Amino acid sequence: MGIFEPYRAIGYITAGVPFSVQRLGTETFVTVSVGKAFQVYNCAKLSLVLVGPQLQKKIQALASYREYTFAAYGSDIGVFKRAHQVATWSRHTAKVCLLLLFGEHILSVDVDGNVYIWAFKGMNENLSPVGHILLDSNFSPSCIMHPDTYLNKVILGSQEGSLQLWNLSTKTKLYEFKGWNSSISSCVSSPALDVVAVGCADGKIHIHNIRYDEELVTFSHSMKGSVTALSFSTDGQPLLASGSSSGVVSIWNLEKRRLQSVIRDAHDGSIISLHFFANEPVLMSSSADNSIKMWIFDTSDGEPRLLRFRSGHSAPPLCIRFYANGRHILSAGQDRAFRLFSVVQDQQSRELSQRHVSKRAKKLKLKEEEIKLKPVIAFDVAEIRERDWCNVVTSHMDTPQAYVWRLQNFVIGEHILRPCPDNPSPVKACAISACGNFAILGTVGGWIERFNLQSGISRGSYIDQLEGTNHAHDGAVVGVACDSTNTLMISAGYAGDIKVWDFKGRELKSRWEIGSSLVKISYHHLNGLLATAADDFVIRLFDVVALRMVRKFEGHSDRITDLCFSEDGKWLLSSSMDGSLRIWDIILARQVDAVYVNVPITALSLSPNMDILATAHVDQNGVYLWVNQSMFSGDSDINLYGSGKEVVTVKLPSVSSGEGSQVEESNEPAIRHSESKDVPSFLPLVEQIPDLVTLSLLPKSQWQSLINLDVIKVRNKPVEPPKKPEKAPFFLPSIPSLSGDILFKPSETSAEGDRKADEDKSKITPEVPSSQFLRLLHSCSEAKNFSPFTAYIKGLSPSTLDLELRMLQIIDDNDADDDDDLEDVEKRQELLSIELLMDYFIYEISCRSNFEFVQALVRLFLKIHGETIRRQSVLQNKAKVLLETQCSVWQRVDKLFQGARCMLAFLSNSQF
C-alpha cells in the first residue's frame, strides 16, 4: 500500500436484499445489507447505530433476533452478536438465497433446494444443523414464510408457480398448492387466520385461504412488473401494501376489495421490502435505488405521506468536492441528484432541494426524474459567501443554462444563468471567483460569459478578436478558472488552446497551444499553476504568470478522468481509466506513489487538511474515503512509499471502517511500507525541524499537574480524619499482602518467605537500583539512548513521578561542612542518579523533543533537589551546562515568536 490507505465508504443505505425488522424493548431496529456488510438503523429517526464487518462475499439474505444478526453470503451463514461474528454455519454446497427466523431456529434455503434447520441457542457447543429437508428437483424456491398458528409448518413458494406446505418437525410435505401459472415472487401471512397473500411475477396478488385451498380475492397491478413485496397492516385498518418492480407502492383496501391509493414515485428502482410496523399506521419500504422510506397513514383521505427517509445516490456520482473544511462532500450523480454527504456524522447527509419536485410531478402527472434537472457534469463552490447569497454553480448535461445553489439552506437558487441567449449551447464548464461574487461559464460553442451571483445579471463576455468569430474559443470550452486576486481568468479549449484573460477588462493577454486535445484542467490559486490533461495521456503544468510549461508528467495509459491539487500545492493527484491513482511531487518533478484500484476512478477530491481523499468509481453508487497515512505516522521521508515502479492493486474501501480493505490476492491487511516487525507503529521524526521544538503530545493536564502538584495535594487534603463508626460490622482478621489477596492467617511458609526475602535484600549491593525508574535511567545512560526512559516516564502519573524524584533526596543529619561527610555524600547512589538525570535533561533539551513535558519535569526536579545541587560542585557544573543548553534552545524559539508577534501587530494596525 502507498500513501493513501483505504478507510471506508459513505453514501450506501441499502442494497437489493430484503431487510429484517426486530424490536428491542420500546425501540424498533431494521437491519439492511450494503453489499458485503450490513447496517442497523434505529427506526425512530432512521439513525445509523451499527455497521457490521466486511464479509468475503455479498450478502444474499438477512435475519435478526434481538442482538443477533444472521447473514447468508455465498454458501455460508454468519452469526453476529452486534458487530462481532461469533459463529459460521457451513453445510450448504450452493448459494443460500433465503433465511427465516422460526422461533429459536433459523431456516436456510439454497438454490439447489436444500433446507437446513439451525438452532442458534447453544450454538457455541454445536455448529451443525438440527434438521435437513431436500425439496423436489423441479421446485426452485423463491420465498418462504411461516403461517400464524401453524405449529412447526412453513410455506415455500417456487419459481415454477407452486406452493408447498412442510412440517419441519416430521420433515414431510403436507400439501402442494397448484399455483397460478406464474412465478411466485413474494408470500406473507395476514392477521386473519389461514389467510396468506401471494405475489406473482405477472403483477397479480392472490389472497388465498390455505386451510381450504380457496382463493378469496385477486388484485392486479396496473403497472407492468412483478409483485416484489407484500405487507399487511396490523393497526386495525384492513390494508395490504404491495410493491412492484417498477418502484410503485399500491395500498389495497381488503374490506372494499379495491385499490385505495398508489404511491407512484415511491422509489426510483424495484421495491425490495415492505413492512407495516406492529399496531402503527407506518409503512417502511426499501428499494434497489439505495433508499429506505417510511410512510404514515394519518391523512383524512387515507393517502400515505412521507414521514422520514434515508437515501444515497441511485446511480454513480460524476463529480465530488470537499466542503466546509473537509467535514462534508458535495456529490453530483447520474441520478440527477445533487447531494451533501457528511464525513463526520452520516445522519447529516442530505439531498439538495430542487423546489417541490414531488408536488410538480404529481400535478403534471410525470415522474420525478422527468422534473429534476439533468445530471451535473461540472460544478464549483465558494465557501466565503455562504451566508450572503448562492455559493454553488452547476452545469448540467445538454443544458444551455447553469443553476446556482445556496448551501446554507440546502436549496436551489432563484437565478438561472443563461450565457449567449441569442445562440444558446450547452454549458460545459463553470467556475466561481475567489471573492465569491462572480461565476464564469463556458459553453460547447466556445462562448465564455461572466455573471454576478448575487443578482444573476451578466457582466460581460470574453471574446478573442483574433479568432475571427464572436467567441472565446474555436470549439468547446473544456475548463475555466480564476486566480486568487481576480486579476486573471484562464480558459482552455478542446482544440488544445489555453488563453489568459484580464479578469476585469475581459481582454486577451496571452495564449499558447498544447498540441493535443484537452479533456481536463485544474488550477491552484496559491501557486498559480495550471494542470492540464490531454488526449495523449500526458499531464502538463503551466505557470500562468510566467506563461511557460514548468512540469510534464507521463505514466497513464488510458484517458485521464480527474486532476486534483493538494492544498499546499506540493502534490498533484491524477486518476485514469486504466485504474491507476498517481501522486506527483511538483517540487521534485517526479511520481512519488501509484496504486491500481480494481475499479477505475472517475472523480477525486483531496480535503483541505490533506488527511482524507474522496473518490468516485465506475458503476459504484457510493463515495470512497482514503486516509493519508503520512499525516498520522512519524515517517517524514516520502521515499519510504511506493515509487510507482512496483504498483500494487488494492480493493475499494469497505462500508465498515473497522475492517480495512485488503491488498488483492492476500488475506493480510494492507501494511504500510514504513513499518516492519522490528519498528514500532509510531516512530519519532528522523530529522528535527531547525530552530523549532517538538511537543510531547501528552494531555495538558498531565504536565501541568507536575508544576502544581503541591497545590493539588493541599486542595485534596481531607478536612477531618475519618471517624470510626459506632457499630462497626464484624470482620475476619486479615493481614495486607502486596499481591492484593486477603490472608486470614499468616502461615509458616509465608513467614519463612519473608525471612528469605529479608536475607536476599541484605545481600543486594547499594549500587544496583531498586526501582524500574532508576534501572531504566542507568541502562539508557550506558547505552546513550534515552528513548525508552522517556517513553516510560511519559506513562507515569504526576504523583508517581513526583515520588520517584523525591526518593533520590539526600537526607543527612550531620553537619555537611566536614570533609569526611562530603566524601560520604559524594559516594552515595542518590548523587549518581541525580547526575544522570541532569545528563538526561541536557540531552533531551538539546534534541528539542518533548519540550513542554521536559520543562515541567526540570522545574519539579529543581524544586526538590535544588539545595543538593547548590552543595555539590559536580552538580553545579552540570547545572551550568543545563542552563546554557536551555538558553540557546529557547532563544531561537523566542526569536521566531517575536518575529510572528511583530508581523501580527503590523498587520493588525494596517488598513487595506
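**Helix H6, Asp 388 and a surface patch**

Me: How many Å should helix H6 span at 1.5 Å a residue?
Reply: The model is a predicted one, in which local features need pLDDT of at least 70, side-chain atom pairs count only at pLDDT 80 or more, and totals for chains, interfaces and linings use all residues. Residues are numbered from 1 along each chain as its sequence is written, and side-chain values use heavy atoms, with hydrogens and water left out. Helix H6 (a DSSP run of H or I, at least four residues, numbered from the N terminus) has 12 residues, 772-783, and its end C-alpha atoms are 16 Å apart. Because the expected span is 1.5 Å times one less than the number of residues, that separation agrees with the expected 16 Å.

Me: Which helices do the buried residues of H6 pack against?
Reply: The buried residues of H6 (under 20% relative accessible area, 1.4 Å probe, protein chains only) are Phe 773, Leu 774, Leu 776, Leu 777, His 778 and Cys 780. With contact taken as heavy atoms within 4.5 Å, they pack against helix H7 (787-794), helix H8 (798-806) and helix H10 (829-847).

Me: Is Asp 388 buried or partly exposed?
Reply: Asp 388 lies in the loop between strand E34 (376-381) and strand E35 (392-396), strands being DSSP runs of E with at least two residues. Since its relative accessible area is 39%, between the limits of 20% for buried and 50% for exposed, Asp 388 is partly exposed.
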